[in-house]
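Please look at the sequence and the model shown below, and then read the report that follows, which deals with helix packing and with the surroundings of a ligand.

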Amino acid sequence: MTDTASAPRVPKRVAAVILNSLKGGVVPRIGLPYITVGREVEIRALLTDLALIADGDASFRFLVGRYGAGKSFLLQTIRTHAMGENFVVADADLSPERRLQGGQGQGLATYRELIRNLSTKTRPEGGALTLVLDRWVAATGDDATGEDTLAAQMAPLEELVHGFDFTRMLRRYRAASLEGDDETKSCVIKWLRGEYRTKSEARTELGTTTIITDDDWYDYIKLFAQFLVGAGYKGLLVLIDELVNLFKIPNTVTRQYNYEKILTMYNDTLQGKAHHLGVIMGGTPQSIEDRRRGVFSYEALRSRLTQGRFAREDMRDMLAPIINLHPLTHEELLVLIEKLQQIHAGYFGYEPRLTEQNLVDFLKIEFGRVGADTHLTPREVIRDFIELLDIAYQNPKLTVDDLLREVGGSAVTDRDPNGGEGTGASALGAPAPTVGTSVAPGSPARDAAAFAEFTL
Ligand SMILES: Nc1ncnc2c1ncn2[C@@H]1O[C@H](COP(=O)(O)OP(=O)(O)O)[C@@H](O)[C@H]1O
Ligand SMILES: [Mg+2]
């Protein structure tokens, strides 16, 4: 186990984000390295992909795991890492309004979200499109060599589908920048963001009749990936989470169109039709493997993606496109809660009270709960643990045994199948109940509600 002395000090601001996010059941946007446990193999595989992308190849992976297994966490980890390595990243969660393809612009909506979330090392919270373009304009220069550089940069783009439209817009942006024409610049930005709804609108404002649409947005992702290299980045990493939303599409034909899009992306990466581009999609086993509605209902994908006869539980093939995430083991969770106790203690400035044996007991209690085998995910364990730390901190007179009994006690209310809000709801991806609501009235945890938000 980590000992307190050698553990890295977590800055307060980061500690607050970590504790708040985990208590709310979401993956923290920052500070992941302080809490990451396990996943060495998976991370190594994805880092290998990044190296390929930097070299001009493309990669495509599915991250598959149950709710709470750690898909979003891993996506976020890779995202952070990629930004640090000078990649541009774009992420989007699918939803009923955001798909890969759809009659009402649901594909384009995903594209827009991706571009809105475009992030770099210096703009990790998204909205980096303008920054990227300006950096490119500055790097290209405005003299005669600038023109040559420009021509050399645009040439490979022009060979791609929609390359002429895309490069025309880039040239427009550059010219407008050099002339200080902010209006044209913002029209080009609007165009690149896929925000023109009609061709006539684009014609009026930009004199072009092409716009980015539901059917061709992915071509523009490929163009962006290639362009970004000219702008000084290593490539583009696209992260798409919540694939289950495709599984949930009621209409068979619509669903198949969406899977067809995945097939296109997947084939592109294998056939060398995409460059400097990585795509990672996160989904539950069902959303991938279900033969009626999942990705595997699309035979062309199923035949390409199913594992060969050789891969086994204990002998995984990390070159295969599907990476299966096992839920964190008890040992990994133990390391994690140990780290969380240290972060909590560091944040509030107290000496950690729970011994390793206490932590083991906590996990035993959690996993001993009714329905734990089917419903309990790391998300709930982590949330419960932070709640325990909060209670312990606010009630210094309570003994550790009292505290652990508290965990066991709230288990009864929390896991009551008739109790409405409980693990069942969380396990289905619903937002975690607000802190403190699951604790019986009169218990010391009542104050925890007020405590849930630290000032950042
Ligand atoms: N490798 C890990 N190390 C530390 N915490 C993790 C790890 N993987 C997941 N978690 C935490 O577990 C919880 C569930 O993970 P999440 O990524 O949201 O699961 P999923 O997206 O698969 O439903 C989150 O609170 C997350 O921060
Ligand atoms: Mg998730």
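Helix α16 (residues 330-348) packs against helix α19 (residues 378-394) at an angle of about 35°, and their axes lie 10 Å apart. Axes here are lines fitted to C-alpha atoms, for helices over the stretch in contact, and angles run from 0 to 180 degrees between N-to-C directions. Helices are DSSP runs (H or I, at least four residues), numbered from the N terminus. The crossing in which α16 passes α19 is right-handed; a crossing has this name if the near helix is turned clockwise from the far one by less than a right angle, and is left-handed if anticlockwise. On the α16 side the contact is made by L333, I337, L340, Q341, H344 and F348, and on the α19 side by P378, V381, F385, I386, L389 and Y393, where contact requires that the C-beta atoms of two residues, placed from the backbone, lie within 7 Å.

This is a predicted model, in which local features need pLDDT of at least 70 and side-chain atom pairs count only at pLDDT 80 or more, while totals for chains, interfaces and linings use all residues. Residues are numbered from 1 along each chain as its sequence is written, and chains are lettered from A and ligands numbered from 1 in the order in which they are written.

Two further helix pairs can be described in the same terms. Helix α7 (residues 144-158) and helix α11 (residues 217-230) pack at an angle of about 160°, with axes 10 Å apart, and they are therefore roughly antiparallel to each other, a label for angles over 145 degrees. Their crossing is right-handed, and Q153, P156 and L157 of α7 meet L223, Q226, F227 and G230 of α11.

The axes of helix α8 (residues 163-179) and helix α9 (residues 182-192) come within 8 Å and cross at roughly 155°, which makes α8 roughly antiparallel to α9. Here α8 passes α9 in a left-handed crossing.

The table sorts the contact residues by class, with Ala, Val, Leu, Ile, Met, Phe, Trp, Tyr, Cys and Pro as nonpolar, Asp, Glu, Lys and Arg as charged, and the others, Gly among them, as polar.

| Contact | Nonpolar | Polar | Charged |
|---|---|---|---|
| α16 with α19 | 10 residues | 2 residues | no residues |
| α7 with α11 | 4 residues | 3 residues | no residues |
| α8 with α9 | 6 residues | 2 residues | 2 residues |

Which residues come nearest to ligand 1? Of the 20 residues around ligand 1, these are G70, K71, S72, F73 and R379, a residue being near if its C-beta atom, placed from the backbone, lies within 6 Å.

Key:
Helices (H or I, at least four residues) and strands (E, at least two) are DSSP runs, numbered from the N terminus. Angles under 35 degrees count as roughly parallel, over 145 as roughly antiparallel, 65 to 115 as roughly perpendicular and the rest as oblique.
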